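Please study the structure shown here before reading the dialogue.

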Amino acid sequence: MTDHLLSGVEPDPAGDAGHLDAPPRTGFFTDTSVCIGCKACEVACKEWNAIPEDGLSLTGMSYDNTQGLGASTWRHVAFIEQSPPTAEGRTELPLADAPETGSDGQGGDLRWLMASDVCKHCTHAACLDVCPTGSLFRTEFGTVVVQEDICNGCGYCVPACPYGVIEQRPSDGRAFKCTMCYDRLGAGQEPACAKACPTESIQFGPLDELRERAALRVDQLHAAGVTDARLYGHEPTDGVGGDGAFFLLLDEPEVYGLPPDPVVTTRDLPAMWKHAGGAALSLLGGAALSFAVPALKHLARNTGRKGWR
Amino acid sequence: MTGSDVTREGPEGERPGREAAPEILRGGPDGGKPGRGAGQRGRRRGKGRRGGRGEQLMAPPAEFQSYYGRPVIKAPAWRARDIAGYFFLGGLAGAGSVLAAGAHATGRTTTATAMKISSLAAVSLSTAALVNDLGRPDRFANMLRVLKPTSPMSVGSWLLAAYGPAAGAAAACAVTGWLPRAGAAATGAAALLGPAVATYTAVLAADTAVPAWHGAHRELPYLFAASATAAASGMALVVGPVRETAPARCAAVLAAVADSAVHQAAEERLGMVAETYRTGRAGKLLRTARALTALGAAGGALFGGRARPLAAASGLALLAGSACTRFGIFAAGIASAEDPKYTVVPQRAAKEARRTTPAPSVERTQPT
């Protein structure tokens with residue numbers, strides 16, 4: 001096993017997973033600057049993949065009552081209600097018609113950030129690496145899919161995911177997440193969420209092409225004065241080797257509930273095994289010492305009693 | 001997550017703050033105040049008031065942003081009794097086999113037999129805990145479908161599949177007296193596999209995105225080895241006759257010293273995440289663990305060689321201390337996963353450090 005299979009730049013994940021003549025790697029580019037928070041993607045995903053409902057309670061925190069990705073939510077629209085700081089050159093988007101600021105300085109300055117979140121289909125996917133049954137696999141499209149008939153519900157992939165995407169369904173304990181509509185891809189169609197998105201906030205296609213398109217879009221936004229626009233998860237040199245699903249964000253990633261600097265945990269696995277080996281040897285050494293010390297004491301006492309002539 | 005409890009006075013009950021970006025970050029009343037670092041707890045009960053809106057501001061005082069206080073990563077859904085219990089029992093079994101082999105080789109037959117039985121019981125119970133967590137027994141068999149070095153759980157399943165029968169054969173031969181040579185071989189095999197069974201669980205915990213576990217991935221195996229040795233020596237003090245317990249007493253002292261030193265090292269490396277090891281349920285458990293381990297080791301060393309009841313009491317303290325260590329580390333991991341602070345703040349710091357130091361990409365790809 002070489003290092004680049006666990007972390008770092010990985011140009012051909014499908015090929016390295018054993019797919020011969022794999023098609024170009026496909027992905028999602030989610031441009032949150034045009035998301036209108038309609039949740040068509042959430043609904044289309046549920047409909048197409050026949051995902052069960054996962055609670056209908058209101059959260060009271062925002063218009064987002066889904067709260068996050070999970071076993072039964074494979075697309076999730078985050079809904080952030082912000083009073084953005086006007087100082088320090090932060091961009092104000094004309095997303096909400098706020099009333100004029102009163103004399104007390106209250107009541108103005110509001111913006112909504114909306115972003116459709118999804119499984120990142122990491123280049124180095126911790127969930128896939130740590131799965132003990134081989135239930136998770138790399139498809140020919142470079143995406144990561146769970147085989148539900150093989151998953152045995154150990155739940156190890158859940159804390160392994162640096163994005164908090166995959167989750168066990170409480171009813172049967174097995175883990176579920178976005179498949180990037182593997183069935184639709186196989187039939188030459190785009191995933192249901194991208195198909196349903198009315199504003200092309202969710203774009204689907206070959207990853208290289210999406211990265212080019214995203215770079216153009218960021219330049220366009222910067223030129224238009226939206227200086228806070230930035231890409232997230234597009235760098236093949238990042239901690240997970242780049243995401244198969246990346247984003248254009250208008251604020252820091254953590255505002256959207258995304259980790260600012262995720263790292264695939266298996267990057268450190270060689271070091272961990274090394275330390276575990278060291279610890280196992282220390283345990284053996286400590287035990288040997290524990291048997292040696294009383295024996296030596298005994299020996300010393302006996303020789304002391306007899307004395308040396 | 002609670003349901004909505006909206007009253008006429010506004011929403012009530014414990015729930016994420018209503019502002020995605022806390023006021024402190026926008027230069028609000030508490031913004032920029034020194035000393036309000038990331039270390040403060042109880043932030044969701046913050047009583048700060050937002051002018052004119054008549055609702056409680058639940059913004060965290062820590063300097064980080066999050067999505068309504070929701071966790072960034074998902075905490076493992078493992079039950080503490082099953083998985084922390086599995087860590088403890090695996091350690092007890094693994095290190096117990098090593099002590100059993102030592103006792104076997106040095107003619108301490110009573111201790112050897114008792115430790116072999118204890119290891120078999122512990123590994124059986126730990127497998128039962130694992131199966132209970134999976135839900136159905138056939139799901140354990142599914143674990144042996146593949147062997148993946150990148151999955152500590154896969155490696156562990158195979159280790160358990162090899163170690164369990166060895167520990168069983170060692171115990172069976174010792175109890176019945178049949179096939180002494182095969183029994184000695186099984187004892188040796190169990191002693192060689194035992195340390196791996198005791199320490200691989202540290203890799204299992206560390207190879208996750210859980211900040212308190214992954215951040216301590218270098219120290220955790222040594223901590224688990226020390227804790228396992230403490231448990232096994234405690235068991236030897238409980239079951240062994242006084243004249244045979246000298247090695248166990250020595251091992252207990254070594255384990256207590258190592259446990260304390262490694263724990264200290266882990267906390268230093270973890271930085272702000274170390275507070276998950278000091279506060280809440282984890283803090284209580286780990287303080288108890290250190291006290292019990294120190295008490296057990298000292299008691300064993302001072303009185304274990306004279307009075308059987310005192311030796312047994314020291315042994316029980318060591319066993320309880322080891323169990324508290326495992327449950328404490330488990331609880332610290334859950335606490336660190338459930339609070340976005342422990343994911344966001346160290347990651348932002350890492351990102352910042354990389355931005356200010358040159359040649360970042362080379363550093364990134366190297367396994368550390």
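The following dialogue takes up confidence, burial, strand pairing, backbone angles and a surface patch.

Q: What kind of model is this, and how are its parts labelled?
A: This is a predicted model, in which local features need pLDDT of at least 70 and side-chain atom pairs count only at pLDDT 80 or more, while totals for chains, interfaces and linings use all residues. Residues are numbered from 1 along each chain as its sequence is written, chains are lettered from A and ligands numbered from 1 in the order in which they are written, and side-chain values use heavy atoms, without hydrogens and water.

Q: What average pLDDT does chain B have?
A: pLDDT is the predictor's confidence in each residue, from 0 to 100. Chain B averages 85, and 80% of its residues score at least 70. Over residues 22-54 of chain B, pLDDT stays under 50; the model has 64 contacts (heavy atoms within 4.5 Å) beyond four places in sequence for that stretch. Residues 360-368 of chain B also stay under 50.

Q: How many helices and strands are there in chain A?
A: Helices (H or I, at least four residues) and strands (E, at least two) are DSSP runs, numbered from the N terminus. Chain A has 8 helices and 10 strands.

Q: Why is strand β8 of chain A described as largely enclosed?
A: A residue is buried under 20% relative accessible area, exposed over 50%, and partly exposed in between (1.4 Å probe, protein chains only). In β8(A), residues 202-206, 4 of the 5 residues are buried, so the rest of the structure largely encloses this strand. Two strands pair if DSSP finds at least two bridges between them. β8(A) pairs with strand β1 (residues 26-31) of chain A in the antiparallel sense over 5 bridges, and Pro206(A) is the bridge partner of Thr26(A).

Q: Which sign does phi have in His121(A)?
A: Most residues other than glycine have a negative phi. His121(A), however, has a positive phi near 45°. This residue lies in the loop between β3 (111-118) and α3 (126-130) of chain A, and His121(A) is buried, with a relative accessible area of 1%. Tyr68(B) likewise has a positive phi, of about 55°; Tyr68(B) is in the loop between β2 (10-11) and α1 (80-105) of chain B, and counts as buried at 1% relative accessibility.

Q: Where is Val293(A) found, and is it buried or partly exposed?
A: Val293(A) is found in helix α8 (residues 269-306) of chain A. Val293(A) is partly exposed, with a relative accessible area of 32%.
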